[in-house]
Amino acid sequence: MGAWEDLGPHRLYEGDCNDALTGLSVESVDCVLTDPPYGTASTGDVKRITKRGRGVKRKTGDSGGGVFESFDLAWDRDFPVDWISHSVLALKPGGSFFCFCDTKRVTDLWKLCQENGLRPLQVFAWVKPNPVPHPRKNFQSALELAVYA
C-alpha cells in the first residue's frame, strides 16, 4: 500500500491513491482530500532557462544567453477518474470528499461524483496570494476550484 505517517489521530498515506484506497477497509475513511493531475499539459516537452550562458539568446537583442532544460509533463496529460469509485467505497457514511480540479473540469467532476454515488454539495475556490508564474505576460490565474461532496 505504500508508506504512511500518523499525525495524531489521522493517518496520511503516500503513494498511488488507487493502491492506497483499495488496501483500506470499506467505510473506514472520514475524509478524502485530493489534488489529482488536471489533464492540462500539452503534448510537447516544456523548456525553461536554468541559467544564463554564452551564445544562446533568450530574445532578440539579448547579449547573454541561457541554458535550456527540457522536461516532460506526461503525468498531467490525463484527468484520472478511476480513483473516485475507490474513494466512495473507503468513505464512511457522511464522510467528506474534496477534490481540486481545473476550472474547465468542474462540471465533469460534479457529474462523476454523482455517477459514483456521492452527493456534490458545493464548489469552492482557493484564491492563492502567490500564484504560479505564467510564461506569458497576460492573465495569470490565482484561483483553484474544488468540488465538495
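**Exercise 1.** In this predicted model, work out whether Lys128 is buried or exposed, and what its side chain pairs with.

*Solution.* Start with the accessible area: Lys128 has a relative value of 14%. The cut-off for buried is under 20%, so Lys128 counts as buried. Next, place Lys128 on the chain: it sits in the loop that runs between β7 (122–127) and β8 (143–148). Now look for partners beyond four places in sequence: Lys128 touches Ala142, Leu143 and Glu144. Finally, check the side chains: those of Lys128 and Glu144 make a polar contact of 3.0 Å.

**Exercise 2.** Find out how many disulfides there are, then check Cys17 and Cys99 one by one.

*Solution.* Two cysteine sulfurs have to lie within 2.5 Å to count. With that rule, you get zero disulfides. Take Cys17: its nearest cysteine sulfur belongs to Cys99 and is 9.6 Å away, so no disulfide by the cut-off. Then Cys99: the nearest cysteine sulfur is that of Cys101, at 6.0 Å, and again there's no disulfide. As for accessibility, Cys17 is partly exposed at 33%, whereas Cys99 is buried at 0%.

**Exercise 3.** Work out which residues of helix α3 (residues 106–115) are buried and what they pack against.

*Solution.* First, pick out the buried residues of α3: Val106, Leu109, Leu112 and Cys113. They span an arc of only 125 degrees around the axis, so they're on the same side of α3. Then see what's across from them: these buried residues pack against α2 (83–90), β6 (91–101), β7 and β8. Last, step just past α3, where Gly117 has a positive phi of about 90 degrees.

How values were computed
Residues are numbered from 1 along each chain as its sequence is written. This is a predicted model: local features need pLDDT of at least 70, side-chain atom pairs count only at pLDDT 80 or more; totals for chains, interfaces and linings use all residues. Side-chain values use heavy atoms; hydrogens and water are left out. Helices (H or I, at least four residues) and strands (E, at least two) are DSSP runs, numbered from the N terminus. Buried means under 20% relative accessible area, exposed over 50%, partly exposed in between (1.4 Å probe, protein chains only). A polar contact is a pair of N or O atoms within 3.5 Å; within protein, one must be able to donate a hydrogen and the other to accept it, and residues adjacent in sequence count only if both atoms are side-chain atoms. Contact means heavy atoms within 4.5 Å. The arc is that of the directions from the helix axis to the C-beta atoms.
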